[in-house]
Amino acid sequence: MLTGIHFLLSYKCDSECDHCFVYSSPRAKGTFTLNQMNKVFKELAKIETIEWIYFEGGEPFLFYPLMHEGIRVAHGMGFRTGIVTNAYWATSEEDAELWLKPLHDLGVSNISVSDDAFHYEDKETSPGKLALNAAKRLGMSCGSICIGKPTVEEGISKEQDKGKPVIGGGAMFRGRAVEKLTEGLPRRPWEEFTECPYEDLRNPKRVHLDAYGNTHLCQGLSMGNMWDAPLSKIVKQYDADSQPICRPLVNGGPARLVKEYDVQHQDEYVDACHMCYLVRRALLDRFPQYLAPRSVYGLQ
Ligand code: SF4
């Protein structure tokens, strides 16, 4: 049952982080218009199970008036709302309050702030810290997102991982992270990646929507295009076993995906996402409706 919708308000961002799994940058394109956002809200009312609407990107504060309007409309429809930001706008606690107060007045339920070494070197005086302090002063519910550079640890998380290297730090090996962060990390044979470890592709709880119409189950893996078919219909008719990419993934992970479509692949990968992302990228031209946009794969 789908309970969360995340607007990727834009792929544009003031930063260009190595771990960004949607390849955001100052040059990135793809931003919702007000008209497009309102079309989505009309569809959300028909889905009936949605509780939460998140605004993220890219960097949603680059499109502050649109984000503000989206939050206003969402609350008018009875949804709870959240924001994910890198807080580039927090030049002091006092100034950060100027940005946050109108959102707090709308009743925004949660704000998540990136506050890590990928974004800011000095955590004590970072914009993330200033924004979090300002949010607390206003009485807003808030939290930080801290992703570290990948580290190699001894496997202890699962019985089957004992003695095998586990990658710490929290970065997901999708998008730009594959290009920038996988070098030198230990790898495992491709046959081991027989399941998707992070997404419930059979019964997704949330999807990310972008201005190109893509409805992301995972970054760059779409249920369908909401500008081609109504979003409510896409959601209600979704069945992982009837989708060309999700079907192999739910029945045997990235390893099944390469077998099903006879994709040329490497012998070893850092983890399942690393493999899944590269195999999906190799299949982009065969399944453009389900693997999009190309920019999330670092392509034009
Ligand atoms: S990249 Fe593939 S394996 Fe990783 S969470 Fe997404 S769908 Fe699952």
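Trainee: In which segment is P293 found?

Mentor: This is a predicted model, and in it a cis peptide bond joins A292 and P293, with omega at about -5°. As for its place along the chain, P293 is found in the segment after α8.

Trainee: Where is G58, the residue to which the cis peptide bond from G57 leads?

Mentor: The peptide bond from G57 to G58 is cis, and its omega is near 20°. G57 is also one of the residues that lie nearest the centre of the largest pocket. Its partner in the cis bond, G58, is found in the loop between β2 (52-56) and α2 (64-76).

Trainee: What is the phi of E48, which is not a glycine?

Mentor: E48 lies in the loop that leads from α1 (34-47) to β2. Although this residue is not a glycine, its phi is positive, at about 75°.

Trainee: Which strands stand at the edges of the open sheet?

Mentor: Eight strands form the open sheet, in the order β5-β4-β3-β2-β1-β9-β10-β11, and their pairing is mixed. Each of the two edge strands has a single partner strand, so one side of each is left without a neighbour in the sheet. Neighbouring strands of this sheet are turned against each other by 25° on average, direction ignored. The strands at the edges are β5 (142-145) and β11 (221-225).

Trainee: Which residue of β5 is the bridge partner of S114?

Mentor: Strand β4 (residues 110-114) is joined to β5 by four bridges, and the two strands run parallel. Within β5, the bridge partner of S114 is I145.

Trainee: Which element gives the largest share of the lining of the largest pocket?

Mentor: The largest pocket holds about 790 Å³ of space, and 35 residues line it, with H19, F21, E56, G57 and V84 nearest its centre. The elements that contribute two or more residues to this lining are β1 (4-8), β3 (80-85), β9 (206-209) and β10 (214-218). The largest share, three residues, comes from β10.

Trainee: How many residues in the lining of the largest pocket are charged?

Mentor: The lining of the largest pocket can be divided by residue class, with 14 residues nonpolar and 14 polar. The charged residues of this lining number seven.

Trainee: How much space lies in the largest cavity?

Mentor: A search of the whole structure finds one cavity of 30 Å³ or more. Lining the largest cavity are 15 residues, of which C196, C218, C273, C276 and R280 lie nearest its centre. The space in the largest cavity amounts to about 120 Å³.

Trainee: Which element gives the most to the lining of the largest cavity?

Mentor: By class, the lining of the largest cavity divides into eleven nonpolar residues, no polar ones and four charged ones. The elements that give two or more residues to this lining are α7 (246-261) and α8. With four residues, the element that gives the most is α8.

Trainee: Which space does the ligand take?

Mentor: The residues that surround the ligand are R174, C196, P197, Y198, E199, C218, C273, C276 and R280. Among the residues nearest the centre of the largest cavity are C273, C276 and R280, and these also belong to the surroundings of the ligand. The space taken by the ligand is the largest cavity.

Trainee: Which helix gives the largest share of the shell around the ligand?

Mentor: The shell around the ligand divides into six nonpolar residues, no polar ones and three charged ones. The largest share of this shell, three residues, comes from the helix that spans residues 272-282, which is α8.

Methods: Residues numbered from 1 in each chain as written. Predicted model: local features only at pLDDT ≥ 70, side-chain atom pairs only at ≥ 80, totals over all residues. Heavy atoms only, no water. 1 Å grid on protein atoms, 1.4 Å probe; cavity = no way out; pocket = protein on both sides within 12 Å on 5 of 7 lines; lining within 4 Å. Points joined across faces, edges and corners; volume = space filled by probe spheres on them. Nonpolar A, V, L, I, M, F, W, Y, C, P; charged D, E, K, R; others polar. Near = heavy atom within 4 Å. Sits in = over half its atoms within 2 Å of the grid points. Pairing = 2+ DSSP bridges. Axes fitted to C-alpha atoms, helices over the stretch in contact; angles between N-to-C directions.
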